[in-house]
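The following report describes selected local features of one protein chain. It is intended to be read alongside the sequence and the coordinates.

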Amino acid sequence: MARIQRQQHSRKEQRLEARVTPEQKRLIERAATLRGTTITEFVVRSAQEAAMNTIKDFEVLLLRDEARDVFVNAVLNPPAPNVAARAAAERYKKQMGL
């Protein structure tokens, strides 16, 4: 007998609400229709994409040209620790019993 595999969907237990202008609602309805989805599916998918992009924008470090070169050089060739850094390391070792 062939096994029937069911696709598991996470149960939607949370609710979001938003107040929009009539113009915004018409725009969203039109976009959902063009995508062939319900308004809810369109809004949820759009909000999720916007959320992921926002998080990515804040978590991903993008460096260009000279800034990238300076960063890579600092990582590959870090400067020797100065007096303050050495003193901080000694205090840490003492506090940790190392």
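At the start of helix 4, a side-chain oxygen of N82 lies within 3.2 Å of the backbone nitrogen of A84. The coordinates discussed here belong to a predicted model. Helix 4 covers residues 83-96, and its 14 residues, at 1.5 Å a residue, should span 20 Å. The C-alpha atoms at its ends are 20 Å apart, so the expected span and the modelled one agree. Just after helix 4 comes G97, whose phi is positive, at about 70°.

A positive phi is also found at D65, where the angle is near 45° although the residue is not a glycine. In general, most residues other than glycine have a negative phi. D65 belongs to helix 3. With a relative accessible area of 54%, D65 is classed as exposed, because the cut-off for that class is over 50%.

Helix 3, which comprises residues 65-76, also contains F71. The relative accessibility of F71 is 41%, and F71 therefore counts as partly exposed. Together with L61, V72, V75 and L76, F71 makes a nonpolar surface patch of about 500 Å².

**Salt bridges**

The structure contains four salt bridges. Three of them, among those four, are listed below with the N to O distance of each.

| Salt bridge | N to O distance |
|---|---|
| R11 and E13 | 3.5 Å |
| R15 and E17 | 3.7 Å |
| K25 and E29 | 3.9 Å |

How exposed are the partners in these pairs? R11 and E13 are both exposed. E17 has a relative accessible area of 70% and is therefore exposed. R15 likewise counts as exposed, at 70% relative accessibility. In the pair formed by K25 and E29, K25 has a relative accessibility of 46% and counts as partly exposed. Its partner E29, at 31% relative accessible area, is partly exposed as well.

Why are K25 and E29 separated by about one helical turn? The two residues are four places apart in helix 1, and this spacing accounts for the separation of about one turn. An α-helix has 3.6 residues a turn, so residues three or four places apart point the same way. The side chains of K25 and E29 meet in the salt bridge given in the table.

**The segment before helix 1**

Helix 1 spans residues 22-35, and S10 is located in the segment that precedes it. S10 has a relative accessible area of 64%, and for that reason it is exposed. How far apart are S10 and R86 in sequence and in space? In sequence they are separated by 76 residues, and their C-alpha atoms are 52 Å apart in space.

**Confidence of the prediction**

The mean pLDDT of the chain is 89, and 91% of the residues score at least 70. Among the elements of the chain, the highest mean pLDDT is that of helix 1, at 98. The lowest mean among these elements is 91, for helix 3. Where pLDDT is low, the predicted coordinates should not be read in detail.

Key: Residues numbered from 1 in each chain as written. Predicted model: local features only at pLDDT ≥ 70, side-chain atom pairs only at ≥ 80, totals over all residues. Heavy atoms only, no water. Expected span 1.5 Å × (residues − 1). Polar contact = N/O pair within 3.5 Å; in protein donor to acceptor, adjacent residues only side chain to side chain. Patch = residues over 30% accessible without salt bridge, like charges linked within 9 Å, V, L, I, M, F, W, Y side chains within 5 Å. Areas by Shrake-Rupley, 256 points an atom, 1.4 Å probe, with all protein chains shown as cover. Buried < 20%, exposed > 50% of the residue type's maximum accessible area, 1.4 Å probe, protein only. pLDDT = per-residue confidence, 0-100.
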